[in-house]
Amino acid sequence: MGNPKAFLTIKRKEAGYRPVAERRIDFGEVEQTLNTDDRMLQASRCMDCGVPFCHWACPLGNKNPEWQDALYKGKWKEALAILQKTNNFPEFTGRVCPALCEKACVLYHSEHSAVTCRENEVAIIEHAFAEGYVKPHVPAVRSGKNVAVVGSGPAGMAAAAQLNKAGHSVTVFEKNEAIGGLLRFGIPDFKLNKHVIDRRLEIMKAEGIEFKTGIKIGNDYPAAKLLADFDAVCLAMGAEQPRDLTIEGRDLDGVYFALQLLQQQNRVLAGKEFGKDERISAKGKDVLVIGGGDTGSDCVGTAIRQGAKSVTQIEIMPMPPKDENPATPWPNWPVILKTSSSHEEGCIRRWSLSSNRFLGENGKLSGVEVEEVEWLPSPGGGRPTMKPTGKRETIKAQMALLAMGFTQPVHGGLLEDLGVEFDARGNVRTDTGHKTSVEKVFAAGDVNTGASLVVRAIAAGRDAAAAINDYLSK
């Protein structure tokens with residue numbers, strides 16, 4: 001801790017976003033960067049708390065005080081080494097993580113002026129790439145064991161990286177045409193440019209990890225062959241079953257799942273062409289996004305960049321408090337109003353609205369009938385009860401995007417062929433060591449826990465890799 005009083009004299013300074021008028025017309029990353037001097041000053045604000053709640057809140061257990069201190073002192077290589085002990089991909093989390101660490105920072109408890117942990121994190125890894133500090137590290141000795149990782153999202157990539165470090169030969173199978181899972185196909189380029197993924201993949205390939213795309217295990221590659229060919233299998237396919245809204249008019253042209261829009265747009269930016277009848281575009285349309293989470297926000301930003309006439313986002317839950325929420329006190333994650341860069345670009349936001357039916361003309365969506373609801377406290381202190389108020393209206397829309405989250409991994413196919421057990425929520429059941437009900441088959445990330453955060457998926461991939469390594473070492 002080089003400057004024990006920096007938090008008293010140096011204010012929190014964020015890099016901020018590119019100007020709205022500029023960023024809303026392209027898919028370039030919206031976030032800017034600070035200069036090196038300012039970034040080091042921001043790192044100096046870390047108090048090196050006796051109880052580092054930032055470390056407590058981070059699923060990866062990042063040692064924030066240690067690498068913040070190294071960054072403040074200009075010891076970039078040391079900061080990188082400390083950071084990568086716990087996080088394989090700080091270039092991903094530094095861009096898309098909601099920064100659980102910052103909300104638990106002691107300084108957040110004081111005027112919400114937490115240390116800029118997330119921005120500092122991405123500054124370290126970007127500096128490292130620019131200076132050539134990030135290099136492939138090929139294991140000196142191979143174990144002779146082969147591991148298959150099914151799915152190449154953050155959990156799969158983290159598991160592959162850790163297993164390879166342990167000396168095992170790793171093959172990652174991906175059903176899509178490129179590696180990255182929802183990092184590549186679900187997160188818009190304005191939040192995560194895909195060259196960031198490709199840059200990391202080149203490192204991983206040079207370290208000896210084999211990636212095979214366009215292969216759907218269970219169809220193109222039978223489950224029995226997978227079990228015969230590999231000493232262990234890690235399932236990391238995510239939870240891709242979207243929550244549907246089965247109300248009247250669901251089959252109208254113009255109603256889509258959020259990922260239908262996001263995945264296609266990412267493929268368009270990657271150079272893939274779609275026919276006029278296939279193309280999902282918000283250009284010139286009134287767009288209604290149903291669902292108030294991050295995926296909904298990504299839909300808002302994408303629709304705006306496609307040239308939407310208007311964008312409205314609705315949420316069935318009530319509007320959360322703006323700054324403080326007594327129900328979620330520090331150092332817990334605060335359930336408060338979140339305004340994303342996409343919301344700032346031009347979006348009407350509304351809460352406590354339930355969608356009753358989709359309205360259409362000649363088979364095409366023209367609007368959505370919504371009804372105001374109120375949430376009544378449960379007598380027993382449990383989950384509040386929703387009560388329709390009878391106040392209905394129609395929101396004009398020629399495109400509706402369902403962004404209400406995901407329920408579970410897609411059943412059938414490989415999961416059915418393997419015969420793995422599921423928990424009550426439909427996720428792949430595992431023990432505390434990520435082992436499924438099938439011998440030598442493990443699971444990590446959303447396929448095991450349900451849809452969650454990138455940072456949690458990376459942590460799960462690392463934990464599963466440790467369990468698999470123990471299993472192979474017996």
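Trainee: In β3, which residue is the bridge partner of T171?

Mentor: Good place to start, and keep in mind that we are looking at a predicted model. T171 belongs to strand β2, residues 169-174. This strand pairs with β3 in the parallel sense over 4 bridges. Within β3, the bridge partner of T171 is E210.

Trainee: What is the order of the strands in the open sheet of 5 strands?

Mentor: Strands of a sheet pair through backbone hydrogen bonds, either parallel or antiparallel. Here the pairing is parallel, and neighbouring strands are turned by 20 degrees against each other on average, direction ignored. The edges are β3 (210-213) and β15 (441-443), each pairing on one side only. Reading across the sheet, the order is β3-β2-β1-β4-β15.

Trainee: And in the open sheet of 3 strands, which are the edge strands?

Mentor: That sheet has the order β10-β11-β12, with antiparallel pairing. Its neighbouring strands are turned by 20 degrees against each other on average, direction ignored. An edge strand pairs on one side only, and here that applies to β10 (353-361) and β12 (385-396).

Trainee: How many bridges join β11 to β12?

Mentor: Strand β11 spans residues 364-376 and runs antiparallel to β12. One of the bridges takes L376 to its partner T385 in β12. Altogether, the bridges joining β11 to β12 number 9.

Trainee: Let's turn to helices. Why are α5 and α9 called oblique to each other?

Mentor: Two packed helices are described by the angle between their axes and the distance between the axes. For α5 (residues 64-72) and α9 (residues 117-131), the axes come within 11 Å and cross at roughly 60 degrees. Angles under 35 degrees would count as roughly parallel, and 65 to 115 as roughly perpendicular. The crossing fits neither class, so α5 and α9 are oblique.

Trainee: Which residues of α9 do N64, W67, Q68 and L71 in α5 meet?

Mentor: The crossing of these two helices, α5 and α9, is left-handed. By class, the contact residues divide into 4 nonpolar, 3 polar and 1 charged. On the α9 side, the residues met are C117, N120, E121 and I124.

Trainee: At roughly what angle do the axes of α3 and α5 cross?

Mentor: Helix α3 covers residues 36-44, and its axis comes within 8 Å of that of α5. The crossing is left-handed. Only an angle over 145 degrees would count as roughly antiparallel, and α3 and α5 are therefore oblique to each other. The angle itself is roughly 140 degrees.

Trainee: Which residues of α5 meet R39, M40, A43 and S44 in α3?

Mentor: Two of the residues on the α5 side, Q68 and L71, also take part in the contact with α9. The residues of the α3 contact with α5 divide into 4 nonpolar, 2 polar and 1 charged. The α5 residues that meet α3 are Q68, L71 and Y72.

Trainee: Is the crossing of α14 and α15 left-handed or right-handed?

Mentor: The axes of α14 (residues 258-269) and α15 (residues 294-305) come within 10 Å and cross at roughly 50 degrees. That makes α14 oblique to α15. In the contact, A258, L261, L262 and Q265 in α14 meet T295, D298, C299 and T302 in α15. As for its hand, the crossing is left-handed.

Trainee: Which peptide bond is cis, with omega near 10 degrees?

Mentor: Most residues other than glycine have a negative phi, and most peptide bonds are trans. To find this cis bond, look at P331, in the loop between β8 (310-315) and α16 (341-344). The cis bond runs from W330 to P331.

Trainee: Where is A99, which has a positive phi of about 65 degrees?

Mentor: A99 has that positive phi although it is not a glycine. Its place is the loop between α7 (90-96) and α8 (100-104).

Trainee: Which residues does UniProt list for "domain: Dihydroprymidine dehydrogenase"?

Mentor: The label comes from an unreviewed UniProt entry. In the model, the listed span is 56% helix and 0% strand, and its end C-alpha atoms are 28 Å apart. The residues listed are 24-130.

Trainee: And which residues does the annotation "domain: FAD/NAD(P)-binding" cover?

Mentor: This UniProt annotation, also from an unreviewed entry, has two parts. The part 146-319 is 34% helix and 20% strand, with end C-alpha atoms 50 Å apart. The other, 389-461, is 25% helix and 25% strand, with end C-alpha atoms 45 Å apart. The annotation covers residues 146-319 and 389-461.

Definitions and conventions
Residues numbered from 1 in each chain as written. Predicted model: local features only at pLDDT ≥ 70, side-chain atom pairs only at ≥ 80, totals over all residues. Heavy atoms only, no water. Pairing = 2+ DSSP bridges. Axes fitted to C-alpha atoms, helices over the stretch in contact; angles between N-to-C directions. UniProt positions renumbered as here; feature names shortened; annotations may be inferred. Left-handed = near helix turned anticlockwise from the far one by under 90°. Contact = heavy atoms within 4.5 Å. Nonpolar A, V, L, I, M, F, W, Y, C, P; charged D, E, K, R; others polar.
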